[in-house]
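Here are my notes for anyone opening this one for the first time. Keep the viewer open and follow along point by point.

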Amino acid sequence: MTTAQEQRTTEELQALAEQAGRELEEASALEILQWAVDTFGTKFCVTSSMEDAVVAHLASRVRRGGGEVDVIFLDTGYHFPETIGTRDAVEAVMDVNVITLTPRQTVAEQDAEYGPKLHDRDPDLCCRLRKVQPLEEGLKGYQAWATGLRRDESPTRANTPVVGWDEKRQKVKVSPIARWTQDDVDAYVTEHGVLTNPLLMDGYASIGCAPCTRRVLEGEDARAGRWAGRAKTECGLHG
């Protein structure tokens, strides 16, 4: 028996996204996530870099008749140990279903084909192989996915809609905390005792793969520690 979710066309999904983006602009993060779960059911997932577990925690509070919300984590093979530890802790203590995606090649296999330290020589290709392609595969069974993007993180994210259309993947993209500030995130973490990556207390404001992430300096935006010294500001997952 097919469900209404399975029968939606690409045009219907895009229209849903655009309408929800307008109607939910002032809604709370929980209301946005509840809409996504009510609308897409098991065809909705949350992605998390495990920089913090705020969106995963929000997802754990959403009422869902069919079980826990899927939380997808991309294990690139280059993560800090603290990031893997945060993933393991989320899986252990939160009412979510953590799914870990891995690239087609191990780091050693990639080094053998492309040479060592591809991230230094061609970071765009490295991101594509270790992040973008695995996510493309992992999202195939879903119609909508949620991110932790916030408008205040960087100029490239300033226009992030709370619900929008992911043209590249032909899916609905939900950013429930898009309107939040860092102060909002900090307040939520404190109020609910949410797990955060220990590196956030060690000068890192945005945490990605270890070879391409440094601490931020005073006055820099949160993304300045990613691919420092390069024009690159995004890994390709969001643009």
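1. Let's start inside. Cys 45 is completely tucked away: its relative accessible area is 0%, so it counts as buried. Keep in mind throughout that this is a predicted model.

2. Now for the cysteines that carry an annotation. An unreviewed UniProt entry places the feature "binding site" at Cys 126, Cys 127, Cys 209 and Cys 212. These four span 87 residues in sequence, yet no two of their C-alpha atoms are more than 10.7 Å apart, so they gather at one spot.

3. Where do Cys 127 and Cys 212 sit, and are they buried or exposed? Cys 127 belongs to helix α8, which covers residues 123-138, and with a relative accessible area of 8% it is buried. Cys 212 is in the segment that follows α9 (182-192). Its relative accessibility is 17%, and because buried means under 20%, Cys 212 counts as buried too.

4. With several cysteines around, you may wonder how many disulfides there are. The answer is zero, and that comes from a search of the whole structure.

5. On to the sheet. Six strands make an open sheet with mixed pairing, in the order β3-β2-β1-β4-β6-β5. Which strands stand at the edges? They are β3 and β5 (163-166); each has a single partner strand, so one side of each is left without a neighbour in the sheet. From one strand to the next, the twist averages 30 degrees.

6. A word of background on what "mixed" is about: strands of a sheet pair through backbone hydrogen bonds, and the pairing can be either parallel or antiparallel. Both kinds turn up in the next points.

7. Take the β3 end of the sheet. Strand β2 (residues 70-74) pairs with strand β3 (residues 97-101) in the parallel sense, over five bridges. To get from β2 to β3, the chain goes through helix α5 (residues 81-93), and this β-α-β crossover is right-handed. If you want a pair to click on, Val 71 has Val 98 in β3 as its bridge partner.

8. Further along, strand β4 (residues 144-146) and strand β6 (residues 171-174) run parallel and are joined by three bridges. Two of the pairings are easy to find: Ala 144 has Val 172 in β6 as its bridge partner, while Ala 146 has Val 174 in β6.

9. The β5 end is where the antiparallel pairing comes in. β5 and β6 pair in that sense over four bridges, and Val 163 stands opposite Val 174 in β6. Val 174 is therefore worth a second look, since it is also the bridge partner of Ala 146 and so has pairings listed with both residues.

10. β5 and β6 form a hairpin, with four residues between them. Gln 170 is found in this loop. Its phi is near 60 degrees, a positive value in a residue other than glycine. Gln 170 is partly exposed, with a relative accessible area of 32%.

11. There is another positive phi to look at. Met 50 is not a glycine either, yet its phi is about 60 degrees. Met 50 lies in the loop between β1 and α4 (54-60). Is this residue buried or exposed? Buried: the relative accessible area of Met 50 is 0%.

12. Next, the helices that lie across the sheet. Helix α2 (residues 10-23) lies across β5 and β6, and it runs at about 150 degrees to β5. Helix α8 lies across β1 (44-47), β2, β3 and β4, and it runs at about 155 degrees to β2. Recall that α8 is also the helix that holds Cys 127, one of the residues in the UniProt "binding site" feature.

13. Last, a residue in α9. Ala 187 lies in this helix and is partly exposed, with a relative accessible area of 46%. How far is Ala 187 from Arg 64? The two are 123 residues apart in sequence, and their C-alpha atoms are 25 Å apart in space.

Technical notes
Residues are numbered from 1 along each chain as its sequence is written. This is a predicted model: local features need pLDDT of at least 70, side-chain atom pairs count only at pLDDT 80 or more; totals for chains, interfaces and linings use all residues. Side-chain values use heavy atoms; hydrogens and water are left out. UniProt positions are given in the numbering used here, feature names are shortened, and annotations may be inferred rather than shown by experiment. Buried means under 20% relative accessible area, exposed over 50%, partly exposed in between (1.4 Å probe, protein chains only). A disulfide is a pair of cysteine sulfur atoms within 2.5 Å. A crossover is right-handed if, with the strands pointing away from the viewer, the path from the first strand over the helix to the second runs clockwise. Axes are lines fitted to C-alpha atoms, for helices over the stretch in contact, and angles run from 0 to 180 degrees between N-to-C directions. Contact means heavy atoms within 4.5 Å.
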